[in-house]
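The following note is offered to a colleague who is new to this structure. Its points are numbered so that each may be checked against the model in turn.

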Amino acid sequence: MKALFPKGEPKEMQAEYEQREQNPKLGALTADTANLSPKNSADDMINLNNKLDVEYDLPITGSRTAKWYYSAFHNVTAMVGAGVLGLPSAFVFLGWTGGTITLVLSWFISLYTLHQLCGMHEIGGLRMNRYRELGQYAFGPILGWWAVQPFQLIVMVGLAITYSVTGGQSLKRFYEIVCTKHIFNASTGTLGCTAFGLSAWIVVFGAVQLFLAQAPNFNALTLVSLVAAVMSLSYSTIGFGMSLNSGLEQRNAPYNLDGYSTADGIFGAFNALGTVAFAYGGHNVVLEIQAGLPSPPKTYKPMMKGVYVAYAVVAWCYFTVAITGYWAFGNNVGSNVLLTTICPLGPNGETRHCSSAELEAAAPLRPVWPIAMANLMVVFHVLGSYQVSMMPVFDMIETLMAKKGVRCTRIFRLIYRSIYVVLTIFIACTIPFFGDLMGFIGAVGTGPTTFWLPSVIWLVVKRPSWRNWNFWVSWFIIILCVAVTFLGAIGALRGIVVDASDYDFYQ
């Protein structure tokens with residue numbers, strides 16, 4: 001223990017912990033037995049959490065045998081998710097200049113803030129194994145919890161819902177393609193299968209999650225995360241190739257906002273900012289991923305090694321899909337580029353904006369099997385992304401139990417994780433507004449946790465001089481990204497209200 005916590009450890013707590021460790025009859029060290037109260041320092045609370053991490057097999061810290069490339073897998077899986085497919089749609093209202101600047105600036109800012117978070121994982125002999133623990137270290141036990149945990153929960157739960165919608169949509173699309181082309185329906189005498197609504201496919205996706213959700217900790221998800229990372233790179237490459245092929249075959253993409261009102265253009269641009277922010281949601285689990293690395297030595301270098309590899313993959317996936325998707329389809333691109341088709345030319349050969357019905361009728365113009373395989377890859381990827389994103393939620397529940405001296409049994413884990421999956425699937429069936437969900441979650445949750453909260457915490461913890469360039473960069477990020485968070489939330493809320501007015505629930 002002394003090697004793990006060389007500084008700032010209260011002698012009374014150390015003595016009590018060693019006494020309880022030597023005499024099991026006294027019970028485990030918990031928040032109650034340690035006599036913690038809001039008056040105790042944040043250091044004491046983090047110290048206790050570090051001890052609980054050693055004593056209990058918690059989801060985040062149950063295994064500390066991770067390698068640097070584990071962080072690469074997990075970061076790609078956590079970040080490159082449903083958001084990449086919606087990035088071309090962000091260009092519709094931002095345009096070429098605004099969309100490109102927003103995408104590039106978001107990449108650099110998110111990498112910088114991720115570097116800030118990873119650099120604060122170990123401070124004064126303490127390990128900040130969870131995002132909320134870093135917030136508590138910076139702002140105190142109570143304020144720090146409220147500064148981080150609500151935003152993190154919004155992202156975690158929101159991602160579960162959004163990934164469920166994405167998984168259901170992709171399963172439905174794959175099924176329809178396969179049935180339409182190769183399966184004979186005896187009841188109708190034609191090619192095609194019995195149609196199922198989106199809700200049914202979301203439930204199928206959730207059934208698989210019930211099984212995967214029983215993985216005990218992050219390192220147990222390494223293989224799942226590796227497969228998911230490979231799938232994300234694969235379907236992004238297919239999306240890039242399909243968009244490039246479509247654009248070269250028929251150059252008729254409209255880039256103006258004809259047909260949109262001024263209000264649609266303004267609020268659409270706001271929502272687009274949130275959509276781009278949503279694509280960088282990996283920060284919500286980065287400290288939890290880093291917690292799986294052993295120390296000493298310090299975890300910063302191996303973690304950042306994996307992060308740089310992950311961000312190279314992110315750059316390829318995001319920039320290629322976003323730019324070629326918008327170039328090929330223009331303002332006709334949908335919230336999922338894999339489901340977007342070429343809009344037929346007008347009667348005089350002019351480019352135009354197509355209705356959803358016209359785009360559906362034009363679907364046979366696109367090669368089907370690459371689209372089918374890409375949609376199946378999306379399913380495999382979001383299966384892994386769902387689990388990586390949910391592990392902090394599961395850890396929060398089991399940490400609360402550990403602080404009461406209760407170990408989580410397999411039966412309890414099966415029950416509470418199954419309930420959680422069922423609830424998220426139910427909500428996904430209720431509000432499957434994929435594009436607007438990305439914008440809202442990106443603005444309200446990912447905006448703070450990815451873009452400006454890390455810089456706020458870094459300024460509080462590091463206290464740099466105003467002469468330090470990092471001081472001014474951090475303040476620039478905070479001011480810019482708080483404004484984007486506010487505008488993105490407004491645009492996404494309007495989009496949800498508009499879509500909800502004409503949507504058939506529980507299809």
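**Notes on the model**

1. The largest cavity has a lining of 13 residues, and those nearest its centre are Ala-66, His-74, Asn-219, Ile-289 and Gly-292. Its space comes to about 60 Å³. Two helices, helix 3 (68-79) and helix 10 (286-290), each contribute at least two residues to this lining. Over the whole structure, the search yields three cavities of 30 Å³ or more.

2. The reader should bear in mind that the model is predicted. Its chain holds 507 residues, and 56% of them are buried. The secondary structure consists of 16 helices and four strands.

3. On contacts across the sequence, how much of the total with a separation of 6 or more comes from residues 24 or more positions apart? The share is 82% of such contacts in the chain.

4. The accessible surface of the chain is about 20900 Å². Carbon and sulfur atoms account for 68% of that surface.

5. The salt bridges deserve a separate look. Side chains of opposite charge can pair when their charged atoms come close. In this model the count of salt bridges is six.

6. One of the salt bridges joins the side chains of Arg-130 and Asp-395, with a distance of 2.4 Å from N to O. The two partners belong to distant parts of the chain, 265 residues apart: Arg-130 is in the loop between strand 2 (126-127) and helix 5 (131-139), while Asp-395 is in helix 13 (residues 368-403). Are these partners buried or exposed? Both Arg-130 and Asp-395 are buried.

7. Asp-395 also meets Arg-132 in a salt bridge, at 4.0 Å from N to O. Why does this pair tie together separate parts of the sequence? Asp-395 belongs to helix 13 and Arg-132 to helix 5, so the pair connects parts that are 263 residues apart in sequence. Arg-132 is buried, as is Asp-395.

8. A further salt bridge is formed by Arg-413 and Glu-398, whose closest N and O atoms are 3.4 Å apart. Because Arg-413 lies in helix 14 (residues 410-430) and Glu-398 in helix 13, this pair ties together parts that are 15 residues apart in sequence. Arg-413 and Glu-398 are both buried.

9. Which residues are joined into one network by salt bridges that share partners? The network consists of Arg-130, Arg-132, Glu-133 and Asp-395.

10. Aromatic residues form another topic for inspection. A pair of aromatic rings is described by the distance of the centres and the angle of the planes. The search of the whole structure gives 23 aromatic pairs. Ring pairs connect Trp-68, Tyr-69, Tyr-70 and Phe-73 in a cluster.

11. Val-444 may serve as a last example. This residue is located in helix 15 (residues 434-462). Leaving aside residues up to four places away in sequence, Val-444 touches Phe-151, Ile-154 and Ala-489. From C-alpha to C-alpha, Val-444 and Ile-490 are 9.7 Å apart in space, and in sequence they are 46 residues apart.

Methods: Residues numbered from 1 in each chain as written. Predicted model: local features only at pLDDT ≥ 70, side-chain atom pairs only at ≥ 80, totals over all residues. Heavy atoms only, no water. Buried < 20%, exposed > 50% of the residue type's maximum accessible area, 1.4 Å probe, protein only. Contact = heavy atoms within 4.5 Å. Areas by Shrake-Rupley, 256 points an atom, 1.4 Å probe, with all protein chains shown as cover. Phe/Tyr/Trp six-rings, centres within 6.5 Å; stacked < 30°, edge-to-face > 60°. 1 Å grid on protein atoms, 1.4 Å probe; cavity = no way out; pocket = protein on both sides within 12 Å on 5 of 7 lines; lining within 4 Å. Points joined across faces, edges and corners; volume = space filled by probe spheres on them.
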